[in-house]
Amino acid sequence: MCGIVGYVGRRDVAPLLLEGLQRLEYRGYDSAGIVVSAPKTAGLKMVKAKGRVRDLEAKVPARFKGTTGIAHTRWATHGAPSDVNAHPHMSADQKVAVVHNGIIDNAAELRRKLEADGVAFLSETDTEVLTHLVARSQADTLEEKVRQALHLVEGTYGIAVMHADFPERIVVARNGSPVVLGIGDKEMFVASDIAALVAHTRQIVTLDDGEMATLKADDFRTYTTEGTRTTAEPTTVEWEAESYDMGGHDTYMHKEIFEQPDAVDRVLRGRIDDRFSTVHLGGLNLDARDARAVRRVKILGCGTSYHAGMIGAQMIEELARIPADAEPASEFRYRNPVVDPDTLYIAVSQSGETYDVLAAVQELKRKGARVLGVVNVVGSAIAREADGGTYVHAGPEVCVVSTKCFTNTTVAFALLALHLGRIRDLSVRDGKRIIEGLRRLPAQISEILAQEADIEKMAVEYAEARSMLFIGRVRGYPVAREASLKLKEVSYIHAEAYPASELKHGPLALIEPALPTVAIVPDDDLLEKNRAALEEIKARHGKILAVAHQHQEKADRTIIVPKNEDELDPILMGIPLQLLAYHTAKALGRDIDKPRNLAKSVTVE
């Protein structure tokens, strides 16, 4: 869960690497470091610093010149954030430098063996083990040194390696953690995310697990960890460098919340088929016969993606009448699940690299299951591993806390539910009704965002709470779950989500004036039952903020959300609660784009 960036070419490398780290800081931000070399100078030069990339930049001397280099911004797994534990890690002879994302599972065992051979470790990290293994290899080439070291380690890695004896090349490798090559004009880049590359090139190569690459200024080649050459054709990425700028907003989170009308329009564009009241999802690789054979749908995701999957499962059940449910991918693969050949599995991940989701996909594929991916990043690992799928087209999302990608994922599930429904038993009339509802979404989101000033006032009021309760029924419950997570992530206020129907089975004991409740109250067939829950809370002097389609008499505050079709209402009802979380965090002075202890892309277990 860290950021890697590297460069080999003719330009001064340090400014390029620091710029790349700034773009990757959302992937990890407790320490950072940089190593450079130049063709006519001996050895490697390194600077590391605990803290943000700006702290590293302040320590880099003016005469830190070189044309080849690697850099890293860290989210700690092994060892507390410190200058010593920061990457890159360098061998005792100052010849080998390594940056690494992932976790080496057998690091403790390897460390004991190396210490027994007289190796002195400086850091607490698992990565330093790999550095010493490369340095101790007697192979003649850097590629073979790295390959021999990798054969000894178990676990996940995305690595970049430099060696003083080979100053004009970088060797990289991937197993479970993303590595992307950027192809320039007589220069090459490497990164863990295309965000670090798009300012310089849009031609990229994404490595597969078990694949390595050697980068030199005028060439690159790819091969397996066994040494077999592989063929890698560059692809062109859609996103521009400007997509990663704040665009006049104070934070990326604010920018991304307000990008949602355009993002939703993008995921709908070109996919609606008015003639047959359905949608085109060409990447599914699931024909009508296969779709009709599906007897159950299982959706797997983590965090926000899991909550989007909960909403997606409900829409699939309602529109396609296929039994569907969502489950955390991190739990699924450890409970020895029964893999049914009639079940369609759907893996959800914003980055397409989430380790727990990817591992679940690989286990399902091993057992012969059909797996679709719902991801935001083209060419990501889950997109490549799955049998088919759909992209959510949210565009780059830099804030650690997901907003627009969550919304676009729920819209993508609506499209999938409509597609499956029309293949099965959903009528033309209902298909047309859902399409009309989908087309209304961008304007309705804009209508909600126009209430920002009022929501900000509410947020300032609720910022004094030590804890909050979020409730909803059926369609509203996943919205409550996601809203609770957003508030926790970005404001650090404890929050808990519960089905409104479960209040009397325990949570009512918590209700008091100091515990505000946020209630999701859609105008559907459960409206009166939701109002009864508000009555229960108000009878115990609880404070209530309702998110509803009409004013709620028992609520102290009501955020009015425009009405859409019942099945699509959850997509809209979470939008104002993103703003509530944002402005609560702002009122508390939180670091909104980089919440403590969190990183954007969770590529470790």
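This report describes three helix pairs, a buried glutamate and several residues with backbone or burial features in a predicted model.

**Helix packing**

Two packed helices are described by the angle between their axes and the distance between the axes. The table gives these values for three pairs.

| Helix pair | Residues | Axis distance | Angle | Handedness of crossing |
|---|---|---|---|---|
| Helix 3 and helix 4 | 107-116 and 127-136 | within 10 Å | roughly 50 degrees | left-handed |
| Helix 13 and helix 14 | 404-423 and 428-449 | 10 Å | about 170 degrees | left-handed |
| Helix 15 and helix 19 | 452-462 and 575-587 | within 8 Å | roughly 50 degrees | right-handed |

For the pair formed by helix 3 and helix 4, the axes come within 10 Å and cross at roughly 50 degrees, which makes helix 3 oblique to helix 4. The crossing is left-handed, and the residues that meet across it are Ala107, Leu110, Arg111 and Leu114 from helix 3, with Val129, His132, Leu133 and Arg136 from helix 4. Sorted by class, this contact contains five nonpolar residues, one polar residue and two charged residues.

The axes of helix 13 and helix 14 lie 10 Å apart, at an angle of about 170 degrees. Because angles over 145 degrees count as roughly antiparallel, helix 13 is roughly antiparallel to helix 14. Their crossing is left-handed. On the side of helix 13, the contact is made by Thr407, Val411, Ala414, Leu415, Leu418 and Arg422, while helix 14 supplies Val428, Gly431, Ile434, Ile435, Leu438, Leu441 and Ile445. The residues of this contact comprise 10 nonpolar, two polar and one charged.

Helix 15 and helix 19 have axes that come within 8 Å and cross at roughly 50 degrees, and the two helices are therefore oblique to each other. Here the crossing is right-handed. Glu452, Ile455, Glu456, Met458, Ala459 and Val460 in helix 15 face a set in helix 19 with which they are in contact, namely Pro576, Leu579, Leu580, His583, Thr584 and Ala587. By class, eight of the residues in this contact are nonpolar, two are polar and two are charged.

**The surroundings of Glu565**

Glu565 sits in the loop that runs between strand 27 (557-560) and helix 18 (569-573), and with a relative accessibility of 18% it counts as buried, because the cut-off for that class is under 20%. When neighbours within four places in sequence are left aside, the contacts of Glu565 are Arg433, Ile434, Gly437 and Arg440. With two of these residues the side chain of Glu565 forms polar contacts: one of 3.0 Å to the side chain of Arg433, and one of 3.1 Å to the side chain of Arg440. Ile434, which is in contact with Glu565, is also one of the helix 14 residues that meet helix 13. In addition, the C-alpha atoms of Glu565 and Asp524 are 9.4 Å apart in space, although 41 residues separate the two in sequence.

**Backbone features in loops**

Most residues other than glycine have a negative phi, and most peptide bonds are trans. Three places in the model can be read against that background.

The peptide bond from His87 to Pro88 is cis, its omega being near 0 degrees, and Pro88 belongs to the loop between strand 4 (68-74) and strand 5 (89-90).

Ser277, a residue other than glycine, has a positive phi near 55 degrees and lies in the loop between strand 16 (272-273) and strand 17 (278-279). With a relative accessible area of 5%, Ser277 is buried.

Asn336 likewise is not a glycine and has a positive phi, of about 50 degrees. Its position is in the loop between helix 10 (329-332) and strand 20 (343-349), and its relative accessibility of 63% makes Asn336 count as exposed.

**A buried residue in strand 20**

The strand that follows the loop of Asn336 is strand 20, and Thr343 is found in this strand. The relative accessibility of Thr343 is 6%, so this residue counts as buried. Apart from residues up to four places away in sequence, Thr343 touches Arg296, Val297, Lys298 and Arg370.

How values were computed:
Residues numbered from 1 in each chain as written. Predicted model: local features only at pLDDT ≥ 70, side-chain atom pairs only at ≥ 80, totals over all residues. Heavy atoms only, no water. Axes fitted to C-alpha atoms, helices over the stretch in contact; angles between N-to-C directions. Helix = DSSP H or I, 4+ residues; strand = E, 2+ residues; numbered from the N terminus. Parallel < 35°, antiparallel > 145°, perpendicular 65-115°, else oblique. Left-handed = near helix turned anticlockwise from the far one by under 90°. Contact = heavy atoms within 4.5 Å. Nonpolar A, V, L, I, M, F, W, Y, C, P; charged D, E, K, R; others polar. Buried < 20%, exposed > 50% of the residue type's maximum accessible area, 1.4 Å probe, protein only. Polar contact = N/O pair within 3.5 Å; in protein donor to acceptor, adjacent residues only side chain to side chain.
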